[in-house]
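Please open the model in your viewer and keep the selection panel at hand, since each stop of this tour begins with something to select. Take the stops in order, and rotate the view as you go.

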Amino acid sequence: MPARCHRPGEVTVLDTAAAEAVSAGLLVAVLACAVVRPWGWPEAVVAVPAAALVIATGAISPHRAWAQAQRLGPVIGFLAAVLVLAQLCDDEGLFRACGAWLARGCAGQPRRLLARVFVIASVITAVLSLDATVVLLTPVVFATAARVGVRTRPHVYACTHLANSASLLLPVSNLTNLLAFAASGLSFTRYAGLMALPWLAAIGTEYVAFRRFFRNDLNATAAPPPAAEPAEVPRVALVVLAGTLAGFAATSLAGINPAWAAAAGAAVLAAAALVRRETTPAAIYRAAGVPFLVFVVCLGLVVAAVTVNGLGGALGRVMPAGTSLPALLATAALAAAAANVINNLPAVLVLIPLAAASGPGAVLAVLLGANIGPNLTYAGSLATLLWRRVLREHDAEPGLGEFTRLGLLTVPAGLLLATTALWAALHVIGG
């Protein structure tokens, strides 16, 4: 095996083979802890010492580690602001209003409820990120399905599938998008323009597949329950969200990190809630998910170690070149396979630098695979792991066989149609 090249002054404790084995083993340990979360530990409990070990053993140099941390810094700030914004919108009653809208006119009519869940989950995922759909919307959908007297399975499964596949539209929709957006060189509006058609293709594929897969649940009817009181629409939250979205586009066009727009939107809602004494600084801190942010940074360092010690070279040898339709399809398929083996966040961290050599189109194809592909396995994305926790809390643990069968029905078709749509968008808009 060829030796690695080191910068002057770097200290290498391990040889190449040992560094490769150590970094790969630590990545498996970090991901396993994120999936299982033994004794309820935060994901960072294993990720932090793992990151320290890859640096201490020389699997990655301090220089490379610092460069990776700097690369992730703006992304982490953006993610923190969006998480706070989503929680404050929930505090304002946005998700209660969503539940009331879902229930309105859907009593005993599961197909109508499913269509509304698809609409609201797709919009929330795009605007407030996939975590908001999984953590905040899924319990609302559970309660709404029970209220209108229909079976919950199609509707709660829609939450996790759309948290992944409907997270294509905006850079803010998914942490993987933020990483790709930073590497693509695209503006916020150009990114959204290129991904609009693939986003619609992915959602449409999911909807058709859900209607077929859950036809027995959707054919079952029940006596409609009494009508519920409508929830008040949180106008302030909606205005702030609209202003934040406009801010994303404006800051991107001005060459300013859109994280500032997200932070401004969160600050406005936080200030209003603090004045009304409806939240506290400690609650805002918890909403930012600091342990999870630390986990993401440390995971990025471990992935960088795995990449420099062999994985990057191996994937580079099979990464397709160019943005022809066959190349984009192969790139998306490779990203989907990697996401289901090592999780979509590490997959993106490894593949985006390789795809960037072929331009923005190839970077976006990686995103299609990394965002749609995880619907095939539990470990494909952190959002799916969060969704499983929500279902356990409702005594509705999903079956592995059912989850996989649904994934086999949606993922290949979704990748094919969404990638073809991306190829068409690149030819119409340019990338």
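A search of this whole structure, which is a predicted model, finds two cavities of 30 Å³ or more. Begin with the largest cavity, whose volume is about 140 Å³, and select Leu-130, Asn-174, Leu-175, Leu-382 and Ala-383, which are the closest to its centre of the 13 residues that line it. If you then colour helix 6 (130-148), helix 8 (175-184), helix 16 (344-355) and helix 18 (382-393), you will have marked helices that each supply at least two residues of this lining. Sorted by class, the lining of the largest cavity has seven nonpolar, five polar and one charged residues.

Next, move to the second largest cavity, which holds about 50 Å³ of space. Select the residues that line it, among them Phe-78, Leu-79, Val-82, Asp-131 and Leu-178. Which helix gives the largest share of the lining of the second largest cavity? That share, three residues, comes from helix 3, while helix 6 and helix 8 also supply at least two residues each. The lining of this second largest cavity divides into seven nonpolar, three polar and one charged residues.

From the cavities, turn to the largest pocket, which has a volume of about 710 Å³. Select Leu-83, Val-135, Ala-287, Gly-289 and Leu-386, which are the closest to the centre of the pocket among the 30 residues that line it. Helix 3 (62-91), helix 6, helix 13 (281-287), helix 14 (290-318) and helix 18 each supply at least two residues of the lining, and the largest share, seven residues, comes from helix 3. By class, the lining of the largest pocket has 20 nonpolar, three polar and seven charged residues.

Stay with helix 3 and select Leu-85, which has its place in this helix. Is Leu-85 buried or exposed? Leu-85 counts as buried because its relative accessible area is 2%, and the cut-off for buried is under 20%. Leaving aside neighbours within four places in sequence, Leu-85 is in contact with Leu-128, Val-240, Leu-241, Thr-244, Gly-265, Ala-266 and Leu-269. You can also draw a distance from the C-alpha atom of Leu-85 to that of Pro-74, 11 residues away along the chain, and the separation is 17 Å.

Now select helix 12, residues 259-275, and place a distance between its end C-alpha atoms, which are 24 Å apart. This agrees with expectation, because 17 residues at 1.5 Å a residue should span 24 Å. The buried residues of helix 12 include Gly-265, Ala-266 and Leu-269, and these three are also among the contacts of Leu-85. What covers the buried residues of helix 12 includes helix 3, helix 11 (235-253) and helix 13. Just after helix 12, select Arg-277, which takes a positive phi of about 60°.

For the last stop, select Ser-381, in the loop between helix 17 (360-372) and helix 18. Ser-381 is buried, with a relative accessible area of 2%. If you show side chains, you will find that the side chain of Ser-381 makes a polar contact with the side chain of Asn-164, at 2.9 Å. Not counting residues up to four places away in sequence, Ser-381 touches Asn-164, Asn-343, Asn-344 and Pro-374.

Methods. Residues numbered from 1 in each chain as written. Predicted model: local features only at pLDDT ≥ 70, side-chain atom pairs only at ≥ 80, totals over all residues. Heavy atoms only, no water. 1 Å grid on protein atoms, 1.4 Å probe; cavity = no way out; pocket = protein on both sides within 12 Å on 5 of 7 lines; lining within 4 Å. Points joined across faces, edges and corners; volume = space filled by probe spheres on them. Helix = DSSP H or I, 4+ residues; strand = E, 2+ residues; numbered from the N terminus. Nonpolar A, V, L, I, M, F, W, Y, C, P; charged D, E, K, R; others polar. Buried < 20%, exposed > 50% of the residue type's maximum accessible area, 1.4 Å probe, protein only. Polar contact = N/O pair within 3.5 Å; in protein donor to acceptor, adjacent residues only side chain to side chain. Contact = heavy atoms within 4.5 Å. Expected span 1.5 Å × (residues − 1).
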